[in-house]
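Work through the exercises below with the sequence and the coordinates side by side, and try each task before reading its solution.

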Amino acid sequence: MKLRSKFEKDGDLKFISHLDLMRAIERAMRRAQIKFSLSKGFNPHPLLSFGPALMMGATTHGDYFDVVLEDEIDPEKFKDDMNRTLPNGLKIIDCYRVDDKDLLSDRVVEGEYTIIIDLLDYGKDIGDIIERFLNRDEILAEKDTKSGKKMIDLKKYIEDFKILGIHDSKMNLYLRLKISEGSPTPVHVLKAVDDFGGHMLDLEKMKIDRKNLILN
C-alpha cells in the first residue's frame, strides 16, 4: 500500500539536507517497526518520494512524502506511530492512502511561502515597488541548472506576491509560486525585487517558511 503524509519541519531540523530528511524518516519507520518496501537492485532503499526539496535553512508546515509499505496499516496509526519516533522538529500532520500509480511529482502544482526579511531602507514605498515589479512585461532572473546558468522569466511562475505587514525593521511577505521542473525558489524572487528596488532588503537575514504545497 502507498501512503501520502503531510508534514512539518522546523526548529533545528531546518538545517538538515534533503538526504538527511529521508534518513530521519527511514529511521523513524524502523523504530516504529513499520515494514516499508525496498527498491530492487544492488543498493536497495525505501520506496520514499518527496515533493520539491526545500532550500537549506527554510522551514515547512505543509510538505509531503509518499511511502510504499509491505503491510496494511491505518493511516492514522501510521501518523501516530511515526510522530512518537520522529525527532523534535519533524511531525506528520495528515496521512491518507493513495493509489500505487498516483505519483506525488505529478500532483504538486504550487507552493505557498511566508517570508520574514529585514529592511535596509525604510524610506522607500515597498508596496509600490512590488506593484511596479509585478507589472513588468517580464521579470528575468539567472538560475543555476545542471547544464549551467540560465535566464528564466519569473513572471511565468509568480501567482501572488504581497506584503502581509511591516513591524519595525522587519517585513512579512506572502508568495505563491507555480512549481514545475526548473521553477525558481523564493530566493530568486527576493533577489530580483531587491535589484529592481535598489537594494532595500537584507538578503542575508530572511526566514522562509513553505506554508503549503498545493496538489491537484
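Two exercises follow, on aromatic pairs and on nonpolar cores.

The model is predicted, so local features need pLDDT of at least 70 and side-chain atom pairs count only at pLDDT 80 or more, while totals for chains, interfaces and linings use all residues. Residues are numbered from 1 along each chain as its sequence is written, and side-chain values use heavy atoms, without hydrogens and water.

**Exercise 1.** Determine how the rings of phenylalanine 7 and phenylalanine 65 are arranged.

*Solution.* Begin with the criterion: rings of Phe, Tyr and Trp (its six-membered ring) pair if their centres lie within 6.5 Å, and planes under 30 degrees apart count as stacked, over 60 as edge-to-face and the rest as tilted. Here the centres are 5.9 Å apart and the planes stand at 55 degrees, so the pair is tilted. Next, place the rings: phenylalanine 7 belongs to strand β1 and phenylalanine 65 to strand β3, so the pair ties together parts 58 residues apart in sequence (strands are DSSP runs of E, at least two residues, and helices of H or I, at least four, numbered from the N terminus). Finally, ring pairs link Phe7, Phe50 and Phe65 into a cluster.

**Exercise 2.** Find which element gives the most residues to the largest nonpolar core.

*Solution.* A nonpolar core is a set of buried Ala, Val, Leu, Ile, Met, Phe, Trp, Tyr and Cys residues joined through side-chain atoms within 4.5 Å, where buried means under 20% relative accessible area with a 1.4 Å probe, protein chains only. The largest such core has 34 residues, and Phe133, Leu154 and Leu173 are among those touching the most other members. Strand β5 gives the most, with five residues.

Notes
Buried < 20%, exposed > 50% of the residue type's maximum accessible area, 1.4 Å probe, protein only.
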